[in-house]
Each structure stands twice: as C-alpha cells, then as structure tokens.
Amino acid sequence: MIRNVVFDVGMVLADFRFREYMSDLGFDKETIEELSEKVVFSDYWKLMDNGLVNDGEAKEHFISELPQYEKEMNLFWDNIDNIIREYDYSEELVKELKAKGFKVYVLSNYPEKQADMHWPKFKFLPHTDGYLISSKEKMMKPDPEFYRLLEKRFGVDLTESVFVDDREENVEAARALGMTGIVFKGFDDLKNKLKEIIY
C-alpha cells in the first residue's frame with residue numbers, strides 16, 4: 001500500500017529556469033548556452049548541491065575559470081533569487097495528496113544558500129510532512145543513503161512510497177530501494193500516473 005509521496009523540487013515542483021533567467025539578465029544565446037554547459041551542468045555545481053562548496057566559493061571559481069564572463073557571472077550570482085519559480089500547480093497538488101491521506105515529503109539536490117533564499121517562498125512547502133536538502137545533509141541523489149535518510153529522519157517506509165523526479169538515474173536509485181518510481185515528464189502525465197498508482 002502506498003502511504004507516502006516523495007517529490008524532487010527542480011523541474012517537478014518548481015521551474016529551474018536558468019536559461020530564461022539568463023535571458024532576463026540580457027545575456028545573448030551564445031553566452032547562455034556556454035554558461036549553461038560550463039556552470040549549471042558542471043561538476044563544480046554538483047559540489048554546491050553536495051554542500052562541499054558554498055555559493056561564494058562557486059562564484060569565485062567560475063569567474064576564475066571564465067574570466068571573459070566576469071560581468072555576467074556577477075549578474076548571475078547577484079540576482080540568483082530569480083533562477084527558480086514555483087509551478088502554479090504545486091501547492092494544490094500537495095494539498096490534494098494530503099487531503100487524500102498521504103504523507104508528502106521532499107528530497108532535493110539543492111545548493112544551501114539558494115535553498116535558504118528560495119525555499120521559504122515555496123507555497124507548497126508548509127503542506128509537506130518533511131524535507132531533505134542535499135547540501136545541508138552533505139549527500140545527494142542518487143546516493144542510496146540520501147533516500148534512506150527519509151526512513152531514519154521521518155520513519156518513512158520506502159516500500160510504501162512513490163518517488164517523483166525528472167532524472168531517470170534518481171528514479172532508478174529509488175526503485176532499487178523498493179520505492180515506486182515516476183520519471184516526471186509534465187504535470188498531466190504525473191497526474192495520470194499517480195491515478196494509476198494511488199488514486
């Protein structure tokens with residue numbers, strides 16, 4: 001029996017709109033693509049997610065690696081509050097699941113400073129039963145120990161849980177631990193899959 005629904009945040013409950021964000025800052029297409037590849041998709045960004053470096057250290061690192069983009073890097077980091085936007089459906093989705101008797105949790109890879117900045121504004125968050133942020137726990141998906149921390153911290157039985165994430169490797173890691181996995185491919189698709197599994 002499914003009793004819990006566990007969500008990722010970025011690209012599931014909130015739009016990680018880094019390209020649109022950089023466009024808002026006035027970056028041209030070439031700059032957006034290069035910074036997407038060399039900053040957002042870099043291994044160093046993952047160090048932020050893992051809590052091993054902070055935003056300030058990351059900013060210094062990327063400016064040293066890409067000195068030709070120092071102006072853009074300063075704009076990027078100084079306005080990073082705008083890099084994510086909660087989806088319109090997220091709060092109602094969580095409230096609906098709660099009304100049906102499910103516990104709702106969040107398991108997210110997220111840099112610490114950005115989490116401190118963004119998460120208090122998420123309307124869905126107060127309706128959840130608990131959350132784990134990778135940078136604060138110094139572990140991240142798809143590390144099995146990060147999923148198991150749900151058990152240790154909140155008493156969640158993983159075999160009674162649905163896990164929703166936009167990344168296949170994170171969903172596969174959840175399935176390996178006995179969770180029912182859904183790869184997020186849009187809200188309508190998610191609703192249909194949840195209906196098949198739990199409604």
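Here are some friendly notes on the salt bridges and pockets of this predicted model.

1. Let's begin with charge pairs. Side chains of opposite charge can pair when their charged atoms come close. In this structure the count comes to 22 salt bridges, and the next few points visit some of them.

2. A good place to start is R17, whose side chain meets that of D24 in a salt bridge, with 2.6 Å from N to O. The two partners sit in contrasting surroundings: R17 is buried, at 4% relative accessible area, whereas D24 is exposed, at 53%. R17 counts as buried because its value falls under 20%, and D24 counts as exposed because its value is over 50%.

3. Next, look at helix α3, which covers residues 43–49. Here K46 pairs with D43, and their closest N and O atoms are 3.8 Å apart. The two residues are 3 apart in the helix, so about one helical turn separates them. K46 is partly exposed, with a relative accessible area of 43%, while D43 is exposed, with 58%.

4. A salt bridge can also join two helices, as K59 and D78 show. Their closest N and O atoms are 3.4 Å apart. Because K59 lies in helix α4 (residues 55–65) and D78 in helix α5 (residues 70–78), the pair ties together parts that are 19 residues apart in sequence. K59 is partly exposed at 22% relative accessibility, and D78 is exposed at 57%.

5. Do have a look at D8, K141 and D165 too: salt bridges link these residues in a network.

6. Now for the pockets. The largest pocket holds about 640 Å³ of space. Its lining is made up of 26 residues, and F16, W45, D49, N109 and R167 are the ones nearest the centre. Helices α3, α7 (112–118) and α10 (168–176) each supply at least two lining residues, with α3 giving the most, 3 residues. By type, the lining of this pocket divides into 12 nonpolar, 6 polar and 8 charged residues.

7. The second largest pocket has a volume of about 240 Å³. Among the residues that line this pocket are D81, R85, Y87, H118 and F122. Which strand gives the largest share of the lining of the second largest pocket? That is β3 (residues 84–86), with 3 residues. The lining here comprises 3 nonpolar, 1 polar and 7 charged residues; the charged ones include E86, D88, E91, K121 and K123.

Notes
Residues numbered from 1 in each chain as written. Predicted model: local features only at pLDDT ≥ 70, side-chain atom pairs only at ≥ 80, totals over all residues. Heavy atoms only, no water. Salt bridge = Lys/Arg side-chain N within 4 Å of Asp/Glu carboxyl O. Buried < 20%, exposed > 50% of the residue type's maximum accessible area, 1.4 Å probe, protein only. Helix = DSSP H or I, 4+ residues; strand = E, 2+ residues; numbered from the N terminus. 1 Å grid on protein atoms, 1.4 Å probe; cavity = no way out; pocket = protein on both sides within 12 Å on 5 of 7 lines; lining within 4 Å. Points joined across faces, edges and corners; volume = space filled by probe spheres on them.
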